[in-house]
Amino acid sequence: MRTLHTDTGYLLYRLGLRSGQLFNAFLQESGLRLRHYALLRFLATSEGALQRELSSRLGYDPSAIVGLVDDLEKLGFAERRPSPDDRRSRIVVLTPKGRAFLRDTDEAGLRVANTLLQGLDPAERDTLHTLLRKVAETQLS
């Protein structure tokens, strides 16, 4: 196991799994999973998105997006509306209830981060966050 810890990619993978486990445990109370949360977070950064755009940007299969949006609609967290650019298409938008849910999850996100990063001091956490954002900007755009 020790030699695997010299592999940065593997460490990122393992920490991502652990972060997902911790966050899913919190989300389980609401009936959602991390995939729902990721979709909500993406919608919070936009005025709405076509389902095919959500699939492309989040890296989820198009059929999975349909099910996720259906789940979020049932909870009142998102809704499908006619696209202003093409009335035949529908965009998915975050509802006020969805925004409120995201605000409520902010504390859970902090708890997960605090659990994962408990061995780092505040300056190290800031450095890690800065570096992760830099990687994310080039790899997740």
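1. Let's start with how H2 and H4 meet in this predicted model. The two helices pack at an angle of about 80°, and their axes lie 10 Å apart. Angles of 65 to 115 degrees count as roughly perpendicular, so H2 and H4 are roughly perpendicular to each other. On the H2 side, the contact is made by Arg-35, His-36, Leu-39 and Leu-40. H4 brings Ala-64, Ile-65, Leu-68, Val-69, Asp-71 and Leu-72 to that contact.

2. Both helices also take part in the largest nonpolar core, so that is a good next stop. This core has 23 residues, and those with the most contacts inside it are Leu-39, Leu-40, Leu-43, Leu-54 and Leu-72. Two or more residues come from each of helix H1 (8-27), helix H2 (34-44), helix H4 (62-75), strand E3 (90-94) and helix H5 (96-116). H2 gives the largest share, 5 residues. As general background, nonpolar side chains in soluble globular proteins tend to be buried together.

3. Leu-54 deserves a look of its own. Not counting residues up to four places away in sequence, Leu-54 touches Leu-39, Phe-42, Leu-43, Ala-49, Gly-59, Ile-65, Val-69 and Val-92.

4. Next to Leu-54 in the numbering is Ser-55, which sits in helix H3 (residues 51-58). Is Ser-55 buried or exposed? Its relative accessible area is 10%, and buried means under 20%, so Ser-55 is buried. The side chain of Ser-55 reaches the backbone oxygen of Tyr-60 at 2.5 Å. With neighbours within four places in sequence left aside, Ser-55 is in contact with Tyr-60, Asp-61, Pro-62 and Ile-65. Ile-65 is thus worth finding on screen: it is listed among the contacts of Ser-55, among those of Leu-54, and in the contact between H2 and H4.

5. Now for the overall picture. The protein has 6 helices and 3 strands, and from the N terminus on its elements run α-α-β-α-α-β-β-α-α. Along its principal axes, the C-alpha trace spans about 55 × 30 × 25 Å. Of the 141 residues, 27% are buried. Among contacts between residues at least 6 apart in sequence, 46% join residues at least 24 apart.

6. Finally, a word on annotation. An unreviewed UniProt entry carries the annotation "domain: HTH marR-type" over residues 5-137. Over residues 5-137, the chain is 68% helix and 9% strand. The end C-alpha atoms of that stretch are 24 Å apart.

Terms used. Residues numbered from 1 in each chain as written. Predicted model: local features only at pLDDT ≥ 70, side-chain atom pairs only at ≥ 80, totals over all residues. Heavy atoms only, no water. Helix = DSSP H or I, 4+ residues; strand = E, 2+ residues; numbered from the N terminus. Buried < 20%, exposed > 50% of the residue type's maximum accessible area, 1.4 Å probe, protein only. Polar contact = N/O pair within 3.5 Å; in protein donor to acceptor, adjacent residues only side chain to side chain. Contact = heavy atoms within 4.5 Å. Core = buried A, V, L, I, M, F, W, Y, C linked by side-chain atoms within 4.5 Å. UniProt positions renumbered as here; feature names shortened; annotations may be inferred. Axes fitted to C-alpha atoms, helices over the stretch in contact; angles between N-to-C directions. Parallel < 35°, antiparallel > 145°, perpendicular 65-115°, else oblique.
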